[in-house]
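Reader: I'd like to learn how to read a model like this one. Can we put it on screen and go through it feature by feature?

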Amino acid sequence: ALRASFARKAHKDAQVVQSQFQPQASYKVAVLGAAGGIGQPLALLIKMSPLVSSLHLYDIANVKGVAADLSHCNTPSEVLDFTGAAELPSSLKGVDVVVIPAGVPRKPGMTRDDLFNINAGIVRNLIEAVADNCPDAFIHIISNPVNSTVPIAAEVLKQKGVYNPKKLLGVSTLDVVRANTFVAQKKNLKLIDVDVPVVGGHAGITILPLLSKTKPSVSLTDEEVEQLTVRIQNAGTEVVEAKAGAGSATLSMAYAAARFVESSLRALDGDGDVYECSYVASDLTELPFFASRVKLGRNGIEAFIPSDLQGLTEYEQKALEALKPELKASIEKGIAFANKQT
Ligand code: NAD
Ligand code: LMR
């Protein structure tokens, strides 16, 4: 009798868990580089989304165990594993969102651009497969240097005749997550309320937090603005140095990427109120790619918010002008790489 009652309780608990995680929709998400430092926690967070019915994990090695492990979580999505180039096309078939954290991370003393030689080729090859197998998917690029890998992806998609700039999204969410955290800490604000737009790119001085546009509005001294800006710009390096050779941000990155995936899925699902900062093809400045707040909808980027770049403080305006040459050079380097290879 005791065993029967225990079984009944276990069954009831399972039903409660299932109803909490009842799928509201059924999207397929692929993670390329899923066995890595970012890939694994990101896959876990995506496995928890009620919007996902199928999670495709791709890597060049070690992905079987990750998938077996995750598949035991009693949340709705199935988990499928794909290893090596031969299985890459099947990992992408029918997918709505592709997230790419494949590639090498920094060690102390390196810039993100030092990763270019290895990661540029990895991104090019993966995007070729995306173009061939799921050209309509939202594409999220995490692999560094993002300032160059997004232009590379755009060129490859153009070469394949399937480029949709509204759906190619460089993931700069971690800069926003960091800015929100640091501002809330400094001003003793409730974290959940704070939202700082971060524009430009994703490396060093190209990361420009628009602190004057923080919501709710905060009053900061010039010194606080300088300190916060520099900390946000160097936050990746802060983690690289703390990890002392064992890589760069993985957990906060997975958290930020999962937020961006969830936003994309909500947009696909018809939510009309989805705004995120992202590094994308843009007309907001004279640069062909620029990170800014965008409105996401079913077809990708639905709108830019030009007013975000109006009424900047003198400090922000100067920083915006100062970042342009570096960002321009990184964009041109990516475009030249992609076109040299054809
Ligand atoms: P990692 O080395 O822990 O994991 C990378 C994974 O990519 C590995 O599992 C590896 O096997 C896989 N991989 C390598 N080549 C591949 C290929 N051709 N196809 C599929 N998978 C491949 O590194 P990580 O810490 O997860 O970082 C990954 C990338 O993300 C780095 O380039 C890093 O700089 C970048 N990153 C970006 C941000 C951002 O804000 N956009 C933040 C953190 C890290
Ligand atoms: C980050 O901002 O943490 C990432 O771009 C990784 C890095 O190299 O700093």
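Reader: Let's start with a pocket: which residues are around ligand 2?

Author: First, some ground rules: this is a predicted model, so local features need pLDDT of at least 70 and side-chain atom pairs count only at pLDDT 80 or more, while totals for chains, interfaces and linings use all residues. Residues are numbered from 1 along each chain as its sequence is written, and chains are lettered from A and ligands numbered from 1 in the order in which they are written. A residue is near a molecule if its C-beta atom, placed from the backbone, lies within 6 Å of it. Around ligand 2 that gives P105, R106, R112, N144, L174, G236, V239, V240, S248 and A249.

Reader: How does that shell divide by class, and which helix gives the largest share?

Author: For the classes, Ala, Val, Leu, Ile, Met, Phe, Trp, Tyr, Cys and Pro count as nonpolar, Asp, Glu, Lys and Arg as charged, and the others, Gly among them, as polar. The ligand 2 shell has 5 nonpolar, 3 polar and 2 charged residues. For the elements, helices (H or I, at least four residues) and strands (E, at least two) are DSSP runs, numbered from the N terminus. Helix α9, residues 235–243, supplies the largest share here, with 3 residues.

Reader: And which residues come nearest to ligand 1?

Author: G33, G36, G37, A102 and N144 do, out of 32 residues around ligand 1. By class, the ligand 1 shell splits into 18 nonpolar, 12 polar and 2 charged. Its largest share comes from helix α5 (residues 116–133), again with a count of 3 residues. N144 is worth a second look, as it is listed around ligand 2 too.

Reader: What kind of peptide bond joins N144 and P145?

Author: A cis one, with omega about -5 degrees. P145 sits in the loop between β5 (138–141) and α6. There's also a cis bond between K215 and P216, with omega about -5 degrees. P216 is in the loop that runs between β8 (207–209) and α8 (222–233).

Reader: Zooming out, how many helices and strands does the chain have?

Author: It has 11 helices and 11 strands. The radius of gyration is taken over C-alpha atoms, and the globule rule is 2.2 Å times the number of residues to the power 0.38. The chain comes out at 21 Å, close to the 20 Å the rule gives for 342 residues, so it is as compact as a globular protein of that length. Its C-alpha trace spans about 75 × 55 × 40 Å along the principal axes.

Reader: What do the contacts say about sequence separation?

Author: Two residues are in contact if their C-beta atoms, placed from the backbone, lie within 7 Å. Of the contacts in the chain with a separation of 6 or more, 70% are between residues 24 or more positions apart.

Reader: Which residues touch the most other members of the largest nonpolar core?

Author: Two terms first. A residue is buried if 20 or more other C-beta atoms lie within 10 Å of its own, exposed if 12 or fewer, and partly exposed in between, with C-beta atoms placed from the backbone. A nonpolar core is a set of buried Ala, Val, Leu, Ile, Met, Phe, Trp, Tyr and Cys residues joined through C-beta atoms within 7 Å. The largest such core has 99 residues, and V29, L57, V98, A153 and A257 touch the most other members. Helix α10 (residues 251–268) gives this core its largest share, 10 residues. Beyond four places in sequence, V29 has contacts that include I46, V52, D96 and V261.

Reader: Is K167 buried or exposed?

Author: K167 is buried, because 22 other C-beta atoms lie within 10 Å. This lysine is in the loop between α6 (146–159) and β6 (168–170). Not counting residues up to four places away in sequence, K167 touches F138, I139 and G300. The C-alpha atoms of K167 and N299 are separated by 7.3 Å, although the two are 132 residues apart along the chain.

Reader: Which value of phi does N188 have?

Author: A positive one, about 55 degrees, although N188 is not a glycine. N188 is exposed, with 6 other C-beta atoms within 10 Å.
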